Amino acid sequence: MQAFEYGNPTTLKDAFGLLGSNWSDAEILAGGTDILSLMKDYITSPKRVVNIKGIKELGGIARKGGNVRIGATVTLDDLASNAVIRASFPSLTQAALGVASPQIRNMGTVAGDLCQRPRCWYYRRGFGLLAKGPNGEMLVPNGENKYHAIFSSGPAYFVSASTLGPALVALGASVTIASASGNRSVPVEKFFVSPSGDGQREIDLKPNEIVTEILIPAPATKNATYEIRERELLDWPLTAVSVALRLSGSTVNSASIALGHVAPTIWRASQAEKMLVGKTITAETAEAAGEAAVANATPLSQNAYKLKLTKVAVKRALLQAAGVKA
Amino acid sequence: MSSQNDSTKDNLTKSAFSRRSWLRGAGIGTGVVGAGVLEQEADAQQAKVMSGEVEISLNLNGRPRSVKVEPRTTLLDALRNRLDTTGAKRVCDRGTCGACTVIVGGKAVYGCTMLAVDAVGKNIQTIEGLAPEGQLHPVSQAFVNNDAQQCGYCTPGFVMASKALLDRNPNPTVEQVEKGMAGNICRCGTYVGVRKAVLEAAKMRGGSNA
C-alpha cells in the first residue's frame, strides 16, 4: 500500500474540504473492507484517505417523512438486525445477511456496499474496468468470463458487486449525495452506470461527493431476495434477485424485479414485471416471469449457466415474496 | 483563533499525536466563515490530516498502549509488528480468511482490514487478553477438549470469532454456529471439532453465568 495522508473529519463540511477533484486526490474510507484491499493491490493509490465514520449525521436508521432513512455509515450488521427494516423490507434484511461473513458485516457499511468496486478479476489485476489487454483488445469476451455479465452489449462486462443494490432498486430507494455545493437525490437504479469509456466509474458519484443516506419509500410491498452462490457462506452471489410486489388481495398491481451480479448495473427485468400485472403469483406465473427475465440475455462463452440460475432465482423470490408454497 | 492554530501545529510537529489533541485541531476551521480567512482555513485544513509516522494510543486488552504507526498501517500489522501481540495471524491480508480476527468495540473484525489509526479510542481484544497468563478461557478450553485445531494457525482467529458469537448469542443453534463462524477458514478442515467446541463453550459459559 502506498503511503497516504489520513483525515478523520467530524463534520460533512470538513470532509468536503478534504476531498479532491480527482479520484487520485482522495478516496473515502468507511468500513474499509474494499478500499483497503484495492490499495494493497495498488488498484487505487489515493494521496489522501478520508474516514467518514466520525461524522455523526451519516449514521442511524429512522423513519423520515414517508421514507425510512438509512445513514450511509450504518454497518451491514446494524442493518440486518434492525427491526424496522426487518418488518417492512425483509428483502433488504435477507440481502444484508447474505454479505460475506460476520466480520465483514460488522465493518462494511450500507453506502460502501453501493460504492464498492467490481470484483472482476481483470479489473482487480490492473487491466481496468473495461478489461483491456496491451493492444486495447477486450479481454472478457474471449477470456475467463464465468463470473461476468449476461446482460451487456459491452464495452463493460463486469458485474456490479453490490449486494444491497437489487433490494434497494426493487424497493424504489434513492441515495442522497452531498457535496460542498449542495445535495442531490438519485434513484438507486440510476446510481449504477455501465461505463462506456476508460476512466469512468460504475457509479454516479464524483470525487468531491459523499453518499449521505439511502431513502426507502414506505408504502407496503411484499418483498423478498433470493441469491444463489457456489458456496453457501463467505462467497459472492452468482445471481441475486430481489422482488417487490404491490398486491390487491392476491392480484399483482405492480411488480419490481431487480437482478444483481448479472450486469454492470442492477438489471431491471421489465418484461417479467409487466407480464405479472393483473396476475396471481403461482408456481406457473412465477416460472413464466423467470423465463421472461432472461429472455433477452446475451451470455458470454462461459456463463450461460447463469440464465438457469437467474430464472430459478426469479421464481423463488416471487414465490417467497407472495408467501406461496410451490 | 491564531493561538489555537499554533497549538495545533505544535501538537503535530512534535508527533505527539493523540486522538484528543488531534480532534481539537480538527475542530478548528469549522467555525471560520466569510472572506479574508481563506488562508487560515487552508492552514487549519492541513492540520486536519496526518501523514508519516504518528504516535497513537491503542486500548489493547484493557491497557493503553502507545505505538508509532503510519496511517496506512493496519491494526493487524500494528499488533504483530509493533506491539509484539502475535496471536492474530496474517494470512490472506485481504479480509477473507479470518486468521486475524480480533474483537474491536465488542464486535469481531478482521485486523487486516482496519487501519490502526481507525482503532484509536476503541477497546481492542486479542487472544492474548482472553484469560490471565497460564489459564484458558472457556472457549479455548472447549477447543482443546474437542480437538478443534490441527496445525493451529487459524485457531486464535476461530477462538475470537467464537467468543464474539457467544457474547452476542449465548445459546446458539448448530445452524447459528455455522453462520456465525462463516468468516473463518481452516485449511486443515477442523470444522467438525470447531462446531462441537463452540456448542460446548456455550454450555460451559452458561453454567458459569447461571
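A crossing of two helices is called right-handed if the near helix is turned clockwise from the far one by less than a right angle, and left-handed if it is turned anticlockwise. I wrote that at the top of my page for the helix pairs below. Also for the top of the page: this is a predicted model.

**Entry 1: two helices in chain B**

I started with α5(B), residues 138–145, and α6(B). Their axes come within 9 Å and cross at roughly 125°. Parallel, perpendicular or oblique? Angles of 65 to 115 degrees count as roughly perpendicular and those over 145 as roughly antiparallel, so I put α5(B) and α6(B) down as oblique to each other. Then the handedness: α5(B) passes α6(B) in a right-handed crossing.

Next I looked up who touches whom. On the α5(B) side I found B:Val139, B:Ser140 and B:Phe143. From α6(B) come B:Thr155, B:Phe158, B:Val159, B:Ser162, B:Lys163 and B:Leu166. Sorted by class, this contact has five nonpolar residues, three polar ones and one charged one.

**Entry 2: the sheet in chain B**

What is the strand order of the open sheet in chain B? I read β3-β2-β6-β4-β5, five strands with mixed pairing. Strands β3 (63–69) and β5 (107–110) of chain B have a single partner strand each, so they are the edges, and one side of each has no neighbour in the sheet. From one strand to the next, the twist averages 45°.

I zoomed in on one pair. Strand β2 (residues 54–60) and strand β6 (residues 123–125) of chain B run in the parallel sense and pair over two bridges. Here B:Asn59 sits opposite B:Asn123 of β6(B).

Back to α6(B) for a moment. This helix, residues 155–168, lies across β4 (101–104), β5 and β6 of chain B. Its direction is at about 35° to β4(B). I noted that α6(B) turns up twice on my page: against α5(B) and across the sheet strands.

**Entry 3: domains of chain B**

The domain assignment splits chain B into domain 1 (2–47), domain 2 (54–129) and domain 3 (138–209). How far apart are the centres of domain 2 and domain 3 of chain B? I get 21 Å, taken over C-alpha atoms. In the contact, domain 2 of chain B supplies 15 residues and domain 3 of chain B supplies 11 residues.

**Entry 4: domains of chain A**

Over to chain A. Its assignment lists domain 1 (5–53), domain 2 (56–116 + 161–217) and domain 3 (222–322). I noted that domain 2 is written as two stretches. The centres of domain 1 and domain 2 of chain A, again over C-alpha atoms, are separated by 18 Å. Their contact takes 17 residues from domain 1 of chain A and 20 residues from domain 2 of chain A.

**Entry 5: a sheet with a helix on it**

I picked out an open sheet in chain A with four strands, in the order β9-β10-β11-β12 and with antiparallel pairing. Which strands are at its edges? They are β9 (222–229) and β12 (267–268) of chain A, each pairing on one side only. Strand β9(A) pairs with β10(A), residues 237–248, over eight bridges in the antiparallel sense. One facing pair I checked is A:Thr225, opposite A:Ser242 in β10(A).

Helix α13(A) packs on this sheet and touches β9, β10 and β11 (251–260) of chain A. Its direction makes about 35° with that of β10(A).

**Entry 6: α13(A) and its helix partner**

The axes of α12(A), residues 283–294, and α13(A), residues 305–322, come within 8 Å and cross at roughly 140°. That makes α12(A) oblique to α13(A), since only angles over 145 degrees would count as roughly antiparallel. The crossing is right-handed.

Residues meeting here include A:Ala286, A:Gly290 and A:Val294 from α12(A), and A:Leu307, A:Val314 and A:Leu318 from α13(A). The contact divides into nine nonpolar, two polar and four charged residues.

**Entry 7: odds and ends in chain A**

I checked a hairpin next: β6(A) and β7(A) have two residues between them. Strand β6 (residues 174–179) and strand β7 (residues 182–187) of chain A pair over six bridges, antiparallel. In this pair A:Thr176 faces A:Ser185 of β7(A).

Is the peptide bond from A:Gly154 to A:Pro155 cis or trans? I found it cis, with omega near 0°. A:Pro155 is in the loop between α8 (121–127) and α9 (165–170) of chain A.

Last one: A:Leu234 has a positive phi of about 55°, although this residue is not a glycine. I located A:Leu234 in the loop between β9 and β10 of chain A.

Note on methods: Residues numbered from 1 in each chain as written. Chains lettered and ligands numbered in written order. Predicted model: local features only at pLDDT ≥ 70, side-chain atom pairs only at ≥ 80, totals over all residues. Heavy atoms only, no water. Pairing = 2+ DSSP bridges. Axes fitted to C-alpha atoms, helices over the stretch in contact; angles between N-to-C directions. Contact = heavy atoms within 4.5 Å. Parallel < 35°, antiparallel > 145°, perpendicular 65-115°, else oblique. Nonpolar A, V, L, I, M, F, W, Y, C, P; charged D, E, K, R; others polar. Domains from an automatic or database assignment.
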